[in-house]
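Let's work through a few exercises on empty space and ligand surroundings. Have your viewer open and try each task before reading its solution.

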Amino acid sequence: MVDIQKLKDEFISLYGSNGEPEVYFAPGRVNLIGEHTDYNGGYVFPCALNYGTYLVVRPNTTRIIRFASTNFDFKTEVPLDKISEKVDSQWVNYPLGVMNELVDQGMNMEGIDLLFSGDIPNGAGLSSSASIEMVTAYALNYIFKVKLSVLDLVKISQRAENEFVGMNCGIMDQFAVGMGKKDHAVFLNCDTLEYDLVPLVLQDYRLIITNTNKKRKLTDSKYNERRAECEKAVAYINRKRSIRNLGELSLAEFEQLQDLIPDETILKRAYHVVSEDARVLEAVHALKTGDLVRFGKLMFESHDSLRDNYEVTGFELDTLVEEARKIPGVIGSRMTGAGFGGCTVSLVKKDMTGPFMEQLEKAYIQKTGLNPDFYLAEVGDGAKKI
Ligand code: GLA
């Protein structure tokens with residue numbers, strides 16, 4: 001947990017003691033099930049974590065924005081008339097993208113000092129970027145009285161990432177980070193943005209996140225490639241039935257139409273999306289009726305499909321899930337996020353927490369030569385002022 005007073009002291013030593021700064025927070029997220037469905041207009045079921053990004057902030061009565069972070073050495077100053085210019089491939093592009101979007105919405109931006117501090121690992125698939133975007137959007141909306149709803153801020157943050165940063169993500173991460181609620185999972189229809197906060201009653205089980213610590217490479221290009229493959233599937237299906245996206249099809253409807261897709265790879269990608277959507281619906285039902293064993297099985301099935309049909313897992317994620325399967329008290333495990341590295345999320349009997357971590361660590365090191373990290377996830381609230 002981040003020490004807020006220490007963070008404020010650090011802010012003062014960086015920027016001076018001219019007035020009390022404010023502190024905001026936005027969480028990271030873990031997706032329980034529903035992977036690579038969001039940009040297909042499908043369902044997702046993520047929750048916000050109690051880890052995330054803190055932002056200490058204070059207007060500075062100049063025409064300059066000053067950026068610093070406790071996580072990165074890179075600091076910089078950006079004059080207000082230069083906020084539409086990207087700064088190499090630096091982390092400040094996330095907040096800068098959000099500022100641009102807010103200015104487009106009529107925000108009267110003034111000079112401001114910012115110190116970010118995250119306690120979620122970067123690039124681990126737990127939405128550190130959405131968390132930086134949302135904490136910026138939430139804080140600036142408040143400070144400069146823009147009066148946008150949290151849902152608007154979610155959309156703005158996604159646009160900042162798509163258009164300014166250049167990562168063509170769906171809406172799941174920003175939505176979970178903005179709208180999450182303590183001890184609830186967010187069941188979201190990514191087409192209509194209708195959602196339901198479902199109490200996350202895990203009985204004798206807990207969620208454990210395991211980081212492969214594999215350096216992710218090519219994630220963005222592979223991600224965009226999968227998006228393009230899904231669009232191709234839609235184009236094939238449109239020869240007979242007009243749909244906007246794969247999320248519109250039930251599994252039964254898809255089976256009727258699948259012969260329209262001549263390409264084996266595209267067919268597998270589309271099958272993943274449509275079957276994953278069905279798994280989300282079933283998982284939400286299982287959670288609501290207290291059937292955690294079923295929920296866990298669906299997590300395993302989701303992973304299998306991401307490995308075999310969508311092909312976004314890789315040796316490290318597969319090893320974590322295969323080894324977790326062998327450990328008593330583990331009823332579900334799967335990769336979470338975009339894939340190609342990052343983390344798994346497992347549903348583990350509470351009193352098996354210690355043995356789970358010991359056994360998994362040993363097997364994983366032996367097979368991959370990498371050290372995993374474990375996070376005992378607690379489900380927290382969405383973006384807020386502290
Ligand atoms: C990343 C993206 C999300 C989503 C997931 C895969 O986290 O940012 O929008 O597409 O991958 O489910």
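**Exercise 1: the cavity**

Task: find which residues line the largest cavity, and say how much space lies in it.

Solution. Keep in mind that this is a predicted model. Start with the lining: the largest cavity is lined by T53, S69, N71, F72, W91, F116, S117, G118, I120, N122, S128 and I132. Next, the volume: about 80 Å³ of space lies in this largest cavity. Finally, the count: the structure holds one cavity of 30 Å³ or more.

**Exercise 2: the ligand's shell**

Task: work out where the ligand sits and which residues are around the ligand.

Solution. First, place the ligand: it sits in the largest pocket. Then list its neighbours, within the 4 Å cut-off: R29, E35, H36, D38, Y39, C169, G170, M172, D173, Y223, G337 and A338. Sort that shell by type and you get five nonpolar, three polar and four charged residues. Last step: domain 1 (4-199) and domain 2 (205-376) both give residues to the shell, so the ligand lies between them.

**Exercise 3: polar contacts**

Task: which polar side-chain atom and which backbone N or O atoms lie at short range from an oxygen atom of the ligand?

Solution. Take the side chain: a polar atom of Y223 is 2.6 Å from a ligand oxygen. Now the backbone: an N or O atom of H36 lies 2.7 Å from an oxygen of the ligand, and one of G170 lies 2.9 Å from a ligand oxygen. To finish, check the cover: on its own the ligand has 310 Å² of accessible area, and the protein covers 95% of that.

Note on methods: Residues are numbered from 1 along each chain as its sequence is written. This is a predicted model: local features need pLDDT of at least 70, side-chain atom pairs count only at pLDDT 80 or more; totals for chains, interfaces and linings use all residues. Side-chain values use heavy atoms; hydrogens and water are left out. A residue is near a molecule or strand if one of its heavy atoms lies within 4 Å of it. A polar contact is a pair of N or O atoms within 3.5 Å; within protein, one must be able to donate a hydrogen and the other to accept it, and residues adjacent in sequence count only if both atoms are side-chain atoms. Accessible areas come from the Shrake-Rupley method with a 1.4 Å probe; for residues, only the protein chains shown count as cover. On a 1 Å grid over the protein atoms alone, a cavity is a set of points where a 1.4 Å probe fits but cannot get out, and a pocket is an open set with protein on both sides within 12 Å along at least five of seven lines; lining residues have an atom within 4 Å of a point. A molecule sits in a cavity or pocket if more than half of its atoms lie within 2 Å of its grid points. Ala, Val, Leu, Ile, Met, Phe, Trp, Tyr, Cys and Pro count as nonpolar, Asp, Glu, Lys and Arg as charged, and the others, Gly among them, as polar. Domain bounds come from an automatic or database domain assignment. Grid points are joined across faces, edges and corners, and a volume is the space filled by probe spheres set on the points.
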